[in-house]
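Me: Could you take a close look at one part of this model for me, the spot where a helix residue meets its neighbours? I work at the bench, so please walk me through it in plain words and then show me how it fits into the rest.

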Amino acid sequence: MSVVAKILYMVFCGLALGYLTFSNAQGYVPFATRLARSPEHTPNHFHK
Amino acid sequence: MDNQSPPPTPASLVQTKAINCPACGAPITLRALGSSVMVACPSCRTQLDVSRPQIRVIQKFKEAAASFELTLGSRGTLRGKTYEVIGAMRRFDGGYPWEEFLLFNPYIGFRWLLLDQGHWSLAVTVKDISSIHTSYAGIQYKGRDYRKFHAGRAEVGAVIGEFYWRVKKGDKAATTDFVSPPWMLSQEKTRDELTWSLLQYIDAEEIAQAFKIGVPERDGVAPHQPNSAAEALRSIKIPMLLTLALALAIQLGTIIRAHGQHIPLGSYTPSTDRSHEVVLGPVHLDARRSLNELTAYSAVNNGWVELDYALVSKVTGQSYEFGNGFEFYSGRDSDGAWTEGANSASVLLTSLPRGDYDLVVQTDWGNASGADPQAPIYLSLTHDVVPWRNFWLATAAMLLYPLVLAVRTWVFDRKRWSESEFNPYPKKE
């Protein structure tokens, strides 16, 4: 195996760990309902 | 390979000598004089006994001289040592031929180069045969296990150059090969002798560079050819295990930190006025940013519920809108009772900021009977739940490349062993 492939794999693993750390800290998971911020709530806002 | 252990070759004793072939008159240079006992004329391939001052013809050949991948007298530097090709022979096992070259360096002695289906090996005679032991899978030599790969009968088909034992066309030996890539131990047995050779697989490019020849076309996988995917897998094993352990540690940290707090939000019976909004809460989310799971439940039967939500910040008044729904049907037919759907549904809300919120719910519903809804809807929120998806995604990403390497390792080894009569893999029908 080339050293380059090994280094690339380790970098990739580092990125995966970074993603895990950051996403967990943010309470983020993919494929879930990501809330879009709406304008200020008004009464009966579903019928705007 | 060789039918006799090579003689010791102290450099001081090594001399060269030029003779003429008694059959064709062609000049022959004896390069390992004192060690060589026979030489095959490179021109007419007549085999001569050179062990005594009086040169004697052993066997005459009438065929055209065979061509070999390496020419006699050519020199090459291999692994830092310069060798000269002094002998070459072609052998075959059934209809399967290969070439063997005897290399000589006066300070090191004899080595062998083998060319088999475009794959090269550098071989040396094993002198300490006592360190070869039989083991469960095959044999063991210097702490390495070798698996039996092939047993056959090798016959000399053509020979040129000089050798340290008498070799002639038609010489036969029973051979058994044991492999442990990149090594192979080859046993040769004749009526008089038993010899072992240790072969190391060598890249064809290395030989081409050393002897200034072309790279022959390779056919299939050699018995002891290194499996590059297996080597790659071995080299990333420790980083892989370390990062997996780190991922597990991060996830454990998240599990310990996460509140996983269950907050009942309340219940209500849906109104016949579908535009009616119910406000539940307030609910306090104390994690800075968190993953939350909102669950709606109702004992609805043969009906459906659709819920539109707005999570409204009590501080800013801003709202986050989302929705979910569920349906549940049951009945009885000729097969008995049946049910379909579910009485609850959950929705994961990612990255919710800390704060106090009201949950505004608008409910749409329907049922088979057309009657007004009777079953109340219960809503609850689990605050700061453990995000497992990230862990599984990161783990899958880290295992993807090793998995590809594992498959490639398996395919390569299967191909290697498909050439063996001791193939451990199940054969394709």
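Reply: Happy to. Let's begin with T243(B), which touches C13(A), L17(A) and M398(B) once residues up to four places away in sequence are set aside. Please keep in mind that this is a predicted model. T243(B) sits in helix 2 of chain B, which covers residues 228-257. Is T243(B) buried or exposed? Its relative accessible area is 11%, and because buried means under 20%, T243(B) counts as buried. One of its partners from chain A, C13(A), has a relative accessibility of 1%, so C13(A) is buried too.

Now for the chain that supplies C13(A) and L17(A). Chain A has one helix and two strands, and along the sequence they come in the pattern α-β-β. Of its 48 residues, 29% count as buried. The accessible surface of chain A is about 3100 Å², with 69% of it supplied by carbon and sulfur atoms.

Chain B, the home of T243(B), holds three helices and 23 strands. Its radius of gyration is 40 Å, well over the 22 Å that the globule rule gives for 429 residues, so chain B is more spread out than a compact globule. The C-alpha trace spans about 120 × 55 × 40 Å along the principal axes of chain B. Buried residues account for 47% of the 429 residues in this chain. As for contacts in chain B between residues at least 6 apart in sequence, 64% of them join residues at least 24 apart.

The outside of chain B can be described in a similar way. Its accessible surface comes to about 21300 Å², and carbon and sulfur atoms make up 53% of that. Chain B carries 43 positive and 44 negative side chains, and the centres of these two sets are 16 Å apart.

Since C13(A) is a cysteine, you may also want to hear about a cysteine in chain B. C21(B) is placed in the loop between strand 1 (15-20) and strand 2 (27-33). At 3% relative accessibility, C21(B) is buried. What does C21(B) touch, leaving out residues up to four places away in sequence? The partners are A26(B), I28(B), C41(B), C44(B), T46(B) and L48(B). The C-alpha atoms of C21(B) and V39(B) are 9.7 Å apart, and these residues are separated by 18 places along the chain. With cysteines in that list, disulfides are a fair thing to ask about. A disulfide is a covalent bond between the sulfur atoms of two cysteines. How many disulfides does the structure hold over all chains? The count is zero.

Another loop residue of chain B is I108(B), found between strand 8 (96-105) and strand 9 (109-116). I108(B) has a relative accessibility of 27% and therefore counts as partly exposed. Its C-alpha atom is 8.5 Å from that of K81(B), which is 27 residues away along the chain.

A few backbone details in chain B are worth finding on your screen as well. Where are the cis peptide bonds? One joins P181(B) and P182(B), with omega at about 5°. P182(B) lies in the loop between strand 14 (172-180) and strand 15 (183-189). Another cis bond runs from G281(B) to P282(B), where omega is near 5°. P282(B) belongs to strand 18, which covers residues 277-298.

Then there are positive phi angles at residues that are not glycine. K142(B) has a phi of about 50°, and it is placed in the loop between strand 12 (138-141) and strand 13 (144-163). With a relative accessible area of 64%, K142(B) is exposed. N302(B) has a positive phi of about 55° and is found in the loop between strand 18 and strand 19 (303-313). Its relative accessibility is 22%, so N302(B) counts as partly exposed.

To return to your spot: T243(B) in helix 2 of chain B is a buried residue, and its contacts include C13(A) and L17(A) from chain A as well as M398(B) from chain B.

How values were computed:
Residues are numbered from 1 along each chain as its sequence is written. Chains are lettered from A and ligands numbered from 1 in the order in which they are written. This is a predicted model: local features need pLDDT of at least 70, side-chain atom pairs count only at pLDDT 80 or more; totals for chains, interfaces and linings use all residues. Side-chain values use heavy atoms; hydrogens and water are left out. Helices (H or I, at least four residues) and strands (E, at least two) are DSSP runs, numbered from the N terminus. The radius of gyration is taken over C-alpha atoms; the globule rule is 2.2 Å times the number of residues to the power 0.38. Buried means under 20% relative accessible area, exposed over 50%, partly exposed in between (1.4 Å probe, protein chains only). Contact means heavy atoms within 4.5 Å. Accessible areas come from the Shrake-Rupley method with a 1.4 Å probe; for residues, only the protein chains shown count as cover. Lys and Arg count as positive and Asp and Glu as negative; His and the chain ends are not counted. The place of a charge is taken as NZ of Lys, CZ of Arg, CG of Asp or CD of Glu. A disulfide is a pair of cysteine sulfur atoms within 2.5 Å.
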